Amino acid sequence: MKIPIQINENSAEPLYHQIENQLRSLIITGQLEEGTHLPSIREFAGALNCSVITVRRVYQDLENEGLLRTKQGTGTFVAQVEAGDRENYRLKAAEEAMQVAVQSGKAVGCTEEEMEALFQQALRANYSK
């Protein structure tokens, strides 16, 4: 099974975080349905050209969040995600991404007003038709 994960090797975001966020998004949006059998850690690491340790960490983190379940001897599967939980995950993921964006802006000296203007610009660019 091909899982559409894109890795940006030039990103400052850690590799495991890129994979974890994208895999979480695929699960939360229903693109990976409940019961989907994920590749083994070794297969996934090979497909992503990263270490087994990286993928193991991603699987463990998402299992701790209740998004994955591992059956000893059979593999790792997408867990059932209730509609309410799906909504909470969706909003939490958006909030975390906004927090990272604000912290990045603040780190390079952007004012609150500049950040608000940039946020409005991004909204218009992505939501206006």
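**Helix packing and the nonpolar core**

Leucine 23 touches Ile3, Ile5, Leu32, Leu38, Phe44, Val58, Tyr59 and Leu62, when residues up to four places away in sequence are not counted. The model analysed here is a predicted one. Within its largest nonpolar core, which has 22 residues, Leu23 and Phe44 are the residues with the most contacts. Helices α1, α2 and α3 are the elements that give two or more residues to this core, and α1 gives the most, with five residues. In soluble globular proteins, nonpolar side chains tend to be buried together.

Helix α1 spans residues 15-28 and helix α3 spans residues 52-64; the two pack with their axes 9 Å apart, at an angle of about 45°. An angle that is neither under 35 degrees, nor over 145, nor from 65 to 115 counts as oblique, and α1 and α3 are therefore oblique to each other. Their crossing is right-handed. On the α1 side, the residues in contact are Leu15, Tyr16, Ile19, Glu20, Leu23 and Arg24, and these meet Thr54, Arg57, Val58, Tyr59, Asp61 and Leu62 of α3. By class, this contact of α1 with α3 has seven nonpolar, four charged and one polar residue.

Helix α3 also packs against helix α2, residues 41-48: the axes of α2 and α3 cross at roughly 120° and come within 8 Å. The crossing of α2 and α3 is right-handed. Ile41, Arg42, Phe44 and Ala45 of α2 make the contact with Val52, Val55, Arg56 and Tyr59 of α3. The residues of this contact comprise six nonpolar and two charged, with no polar ones.

Notes:
Residues are numbered from 1 along each chain as its sequence is written. This is a predicted model: local features need pLDDT of at least 70, side-chain atom pairs count only at pLDDT 80 or more; totals for chains, interfaces and linings use all residues. Side-chain values use heavy atoms; hydrogens and water are left out. Axes are lines fitted to C-alpha atoms, for helices over the stretch in contact, and angles run from 0 to 180 degrees between N-to-C directions. Helices (H or I, at least four residues) and strands (E, at least two) are DSSP runs, numbered from the N terminus. A crossing is left-handed if the near helix is turned anticlockwise from the far one by less than a right angle, and right-handed if clockwise. Contact means heavy atoms within 4.5 Å. Ala, Val, Leu, Ile, Met, Phe, Trp, Tyr, Cys and Pro count as nonpolar, Asp, Glu, Lys and Arg as charged, and the others, Gly among them, as polar. A nonpolar core is a set of buried Ala, Val, Leu, Ile, Met, Phe, Trp, Tyr and Cys residues joined through side-chain atoms within 4.5 Å. Buried means under 20% relative accessible area, exposed over 50%, partly exposed in between (1.4 Å probe, protein chains only).
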